[in-house]
Amino acid sequence: MAEDFAIKLTRDQALVLSDWLDKVIGTERFDVIADEDAAVWSALYRISGVLETTLVEVFMPDYAARLDAARARLLGALGDDYVQKQQAQRDAGHHCSGYADDRDESGS
């Protein structure tokens, strides 16, 4: 039997991650990537379920405002340089999930 492993997140990180997982799990694009290693679904379902049952904010009437504020704080902590670099890469059509298939033929 596998030993338990704990991950600590700030409340802002948990809120943003929960919202993101809710949006992407079940989409074709995400599911295709996750299906490349189907064992990852076990962890995804566990993380999603814990967040869903722990975060009371998702049931609050001002959830959208709380989520926006959490995103702003996290982006602020990352810094403008990081955010601008990521946006430039997206605008150029570059992304990297960590899989070799995400790279073009030249290896970049």
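I started with burial in this predicted model: of the 108 residues in the protein chain, 19% are buried. Then I looked up the surface. The chain exposes about 8600 Å², and carbon and sulfur atoms supply 56% of that area.

Next, the fold. I find five helices and zero strands, and reading along the sequence gives me α-α-α-α-α. I also checked how the contacts spread along the chain. Taking those with a separation of 6 or more, I get 61% between residues 24 or more positions apart.

On to Asp19, which I placed in helix H1, residues 11–24. Is Asp19 buried or exposed? Its relative accessibility is 8%, and the cut-off for buried is under 20%, so I put Asp19 down as buried. Which residues does Asp19 touch once I leave aside its neighbours within four places in sequence? I noted Tyr63, Leu67 and Arg71. With Arg71 there is also a polar contact between the side chains, and I have it at 2.8 Å.

Last entry: a nonpolar patch on the surface. I have it at about 440 Å², made by Phe5, Ile7, Leu9 and Ile47. I followed up Ile47 and found it in helix H3, which covers residues 40–54. Its relative accessible area is 33%. Why can Ile47 count towards a patch at that value? Patch residues need over 30% relative accessible area, so Ile47 passes that cut-off with its 33%. I still list Ile47 as partly exposed, because exposed would take over 50%.

Terms used
Residues numbered from 1 in each chain as written. Predicted model: local features only at pLDDT ≥ 70, side-chain atom pairs only at ≥ 80, totals over all residues. Heavy atoms only, no water. Patch = residues over 30% accessible without salt bridge, like charges linked within 9 Å, V, L, I, M, F, W, Y side chains within 5 Å. Areas by Shrake-Rupley, 256 points an atom, 1.4 Å probe, with all protein chains shown as cover. Salt bridge = Lys/Arg side-chain N within 4 Å of Asp/Glu carboxyl O. Helix = DSSP H or I, 4+ residues; strand = E, 2+ residues; numbered from the N terminus. Buried < 20%, exposed > 50% of the residue type's maximum accessible area, 1.4 Å probe, protein only. Polar contact = N/O pair within 3.5 Å; in protein donor to acceptor, adjacent residues only side chain to side chain. Contact = heavy atoms within 4.5 Å.
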